[in-house]
Amino acid sequence: MKLNNKRTILVGLAFLSICAFWQMYDNVVPLILTKTFHMNETFSGAIMAADNVLALFLLPFFGTLSDRTNTKIGKRMPYILFGTGCAIILLNLLPVLDNSYAAAPSTFKTVSFVIVLGLLLIAMGTYRSPAVALMPDVTPKPLRSRANAIINLMGAVGGLLYLAVAAVLYPNAKIAGLAHVNYQPLFIVVAAIMFVAVGALFLTIKEPQLVAGNKALEAQHPEWNLAESDGSGNEVLPKPVKKSLGFLLASIALWFIGYNGVTTWFTTYIDEVMGQGLGGASTCLMVATAGAIVSYIPIGSIASKIGRRRTIQGGIILLAACFALGYILTTMFDSINAIMFLVFALVGLAWAAINVNSLPMVVEMCKGSDIGKFTGYYYTASMAAQIVTPVLAGTLMRSISYQVLFPYAAFFVAMSFVTMLFVRHGDSKAEPKKGLEAFEDMDD
């Protein structure tokens with residue numbers, strides 16, 4: 001049995017579109033809120049956290065709803081198409097309102113911007129879980145770890161596409177000194193990326209046929225279902241596994257508090273501390289994303305030799321060290337330089353080591369269970385962290401200093417190392433793989 005790499009890459013187009021959007025959202029919306037609408041860091045941080053609050057309710061709801069949906073184009077595809085279509089329309093309204101407010105400020109325009117932003121977040125929430133669930137729907141259980149790594153790679157490519165476009169359209173030389181920056185071209189390009197990616201997914205992936213074929217294959221292999229039963233048909237986790245799951249979810253929350261604090265506020269931080277614009281900040285983040293992409297193959301080899309847990313712990317140590325260096329470099333220098341690019345490349349490597357292995361560890365603890373439910377546990381932990389960190393980091397930056405951002409991130413990432421010491425399950429060791437097989441998160 002061999003993974004269909006081409007099909008998995010096509011399935012990953014949905015995740016590519018999602019990641020391109022969120023990369024832009026995290027980079028540009030804080031600038032619009034603080035620079036155009038002149039909101040302070042606490043209020044803008046609260047708005048930036050709203051997507052994660054909504055996600056706590058929307059992701060499990062639409063994931064479960066899509067499980068119960070049955071149409072000619074499949075269970076997941078209707079949500080992917082509807083959510084993307086609505087998001088593209090709403091996305092292009094934001095720069096219109098932004099530019100209009102800059103020309104003639106009014107409370108009505110501020111309220112309109114916030115309402116459109118809220119509707120956009122709801123639209124994105126309708127299809128994230130169905131998009132993630134599509135991969136296990138069409139992939140046999142033994143191959144899902146490998147497929148999951150390719151999906152992560154596609155997401156990284158989506159983020160990289162946005163960052164490259166932002167760096168080209170908005171170099172610091174072009175926007176330095178401007179009273180207002182028009183982001184409409186950037187929003188149009190990202191909307192086009194989303195449209196093309198999801199359109200290609202719909203045209204090439206015939207969900208009903210693939211799901212039916214996968215179910216037939218799994219029916220021939222009852223040994224793939226390794227879950228324990230309590231005698232009434234319900235799956236149960238032994239207490240040691242539950243303990244490991246709890247500590248792993250705590251670790252996920254802690255490293256997301258640190259990492260998302262930086263990704264949410266980095267463009268604003270760089271502008272305030274170093275006087276660099278969106279182009280310079282986007283270049284740093286693009287280097288980090290590229291660092292993650294080129295790291296997947298060696299990380300796959302490392303994880304196959306030492307296991308997921310140790311690979312994650314190594315990533316945690318490296319990420320905390322890079323954030324500590326980020327503080328030193330951004331306070332010592334007046335402009336972005338080659339040393340910073342190197343550090344951000346290492347940030348990408350560290351985050352890849354953590355992020356690629358963590359979701360498979362959660363899923364590995366629930367063999368035979370509804371994978372959507374345990375994926376929900378992962379997203380609950382990560383989203384809860386991302387609700388807290390924009391507000392907490394923004395408040396600390398406002399009340400203490402912008403320079404607190406990197407020490408804040410380094411502290412919470414370091415704390416996740418402590419909780420990972422108590423995780424004893426969900427690990428794996430296997431023979432090293434080559435090429436795309438190195439993206440596999442190996443099963444126990």
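**Figure 1. His38 in the loop between helix 2 and helix 3.** His38 sits in the loop that links helix 2 to helix 3 (41-67). The model shown here is predicted. Look at the backbone of His38 first: its phi is near 55°. That is a positive value, in a residue other than glycine. Is the His38 side of the loop buried or exposed? His38 is exposed, because its relative accessible area of 60% is over the 50% cut-off.

**Figure 2. The whole protein chain.** This view steps back to show the setting of the close-ups. The protein chain has 16 helices and zero strands. It holds 444 residues, and 56% of them count as buried. How much of the contact set comes from residues 24 or more positions apart? Among contacts with a separation of 6 or more, such residues account for 85%.

**Figure 3. Helix 2 packed on helix 9.** Two packed helices are described by the angle between their axes and the distance between the axes. Helix 2 covers residues 13-36, and helix 9 covers residues 184-204. Their axes are 8 Å apart and pack at an angle of about 165°. Angles over 145 degrees count as roughly antiparallel, so helix 2 and helix 9 are roughly antiparallel to each other. Their crossing is left-handed. Which residues meet here? On the helix 2 side they include Leu13, Ala14, Phe21, Met24 and Ile32. On the helix 9 side they include Leu186, Phe187, Ile193, Met194 and Leu201. The residues of this contact divide into 17 nonpolar, one polar and no charged.

**Figure 4. Leu81 in helix 4.** Leu81 belongs to helix 4, which spans residues 77-91. Leu81 is partly exposed, with a relative accessible area of 30%. Which residues does Leu81 touch, not counting residues up to four places away in sequence? They are Ile73, Val198 and Phe202. Val198 also appears in the previous view, on the helix 9 side of the contact with helix 2. Ala14, from the helix 2 side of that contact, is 67 residues from Leu81 along the chain. The C-alpha atoms of Leu81 and Ala14 are separated by 9.7 Å.

**Figure 5. Helix 11 packed on helix 16.** Helix 11 runs over residues 239-273, and helix 16 over residues 405-420. Their axes come within 8 Å and cross at roughly 165°. That angle makes helix 11 roughly antiparallel to helix 16. The crossing is left-handed. What kinds of residues make up this contact? They divide into 19 nonpolar, five polar and no charged.

**Figure 6. Trp255 and the largest nonpolar core.** The largest nonpolar core has 132 residues. Which residues have the most contacts inside this core? They are Trp255 and Phe323. Leave aside the neighbours of Trp255 within four places in sequence, and Trp255 is in contact with Leu248, Ile312, Ile316, Trp351, Ile354, Ser358, Phe412, Val413, Ser416 and Met420. Apart from the largest core lies another core, of nine residues. Ala156, Tyr296, Ala353 and Val356 are among them.

**Figure 7. Gln313 in helix 13.** Gln313 has its place in helix 13, residues 308-332. Its relative accessible area is 10%, so Gln313 is buried. Beyond its neighbours within four places in sequence, Gln313 is in contact with Phe417, Met420 and Leu421. Met420 is also in contact with Trp255.

**Figure 8. Leu285 in helix 12.** Leu285 lies in helix 12, residues 278-306. Leu285 counts as buried because its relative accessibility is 7%. Outside its neighbours within four places in sequence, Leu285 is in contact with Gln23, Asn27, Leu163, Phe266 and Phe344. Now find Gly348, 63 residues from Leu285 along the chain. Their C-alpha atoms are separated by 8.7 Å.

**Figure 9. Ile387 in helix 15.** Ile387 is part of helix 15, residues 371-399. At 18% relative accessibility, Ile387 is under the 20% cut-off and therefore counts as buried. How far from Val53 is Ile387 in sequence, and how far in space? The two are 334 residues apart in sequence and 6.1 Å apart in space, C-alpha to C-alpha. Not counting residues up to four places away in sequence, Ile387 touches Ala49, Asn52, Val53 and Leu56.

Technical notes
Residues are numbered from 1 along each chain as its sequence is written. This is a predicted model: local features need pLDDT of at least 70, side-chain atom pairs count only at pLDDT 80 or more; totals for chains, interfaces and linings use all residues. Side-chain values use heavy atoms; hydrogens and water are left out. Axes are lines fitted to C-alpha atoms, for helices over the stretch in contact, and angles run from 0 to 180 degrees between N-to-C directions. Helices (H or I, at least four residues) and strands (E, at least two) are DSSP runs, numbered from the N terminus. Angles under 35 degrees count as roughly parallel, over 145 as roughly antiparallel, 65 to 115 as roughly perpendicular and the rest as oblique. A crossing is left-handed if the near helix is turned anticlockwise from the far one by less than a right angle, and right-handed if clockwise. Ala, Val, Leu, Ile, Met, Phe, Trp, Tyr, Cys and Pro count as nonpolar, Asp, Glu, Lys and Arg as charged, and the others, Gly among them, as polar. Buried means under 20% relative accessible area, exposed over 50%, partly exposed in between (1.4 Å probe, protein chains only). Contact means heavy atoms within 4.5 Å. A nonpolar core is a set of buried Ala, Val, Leu, Ile, Met, Phe, Trp, Tyr and Cys residues joined through side-chain atoms within 4.5 Å.
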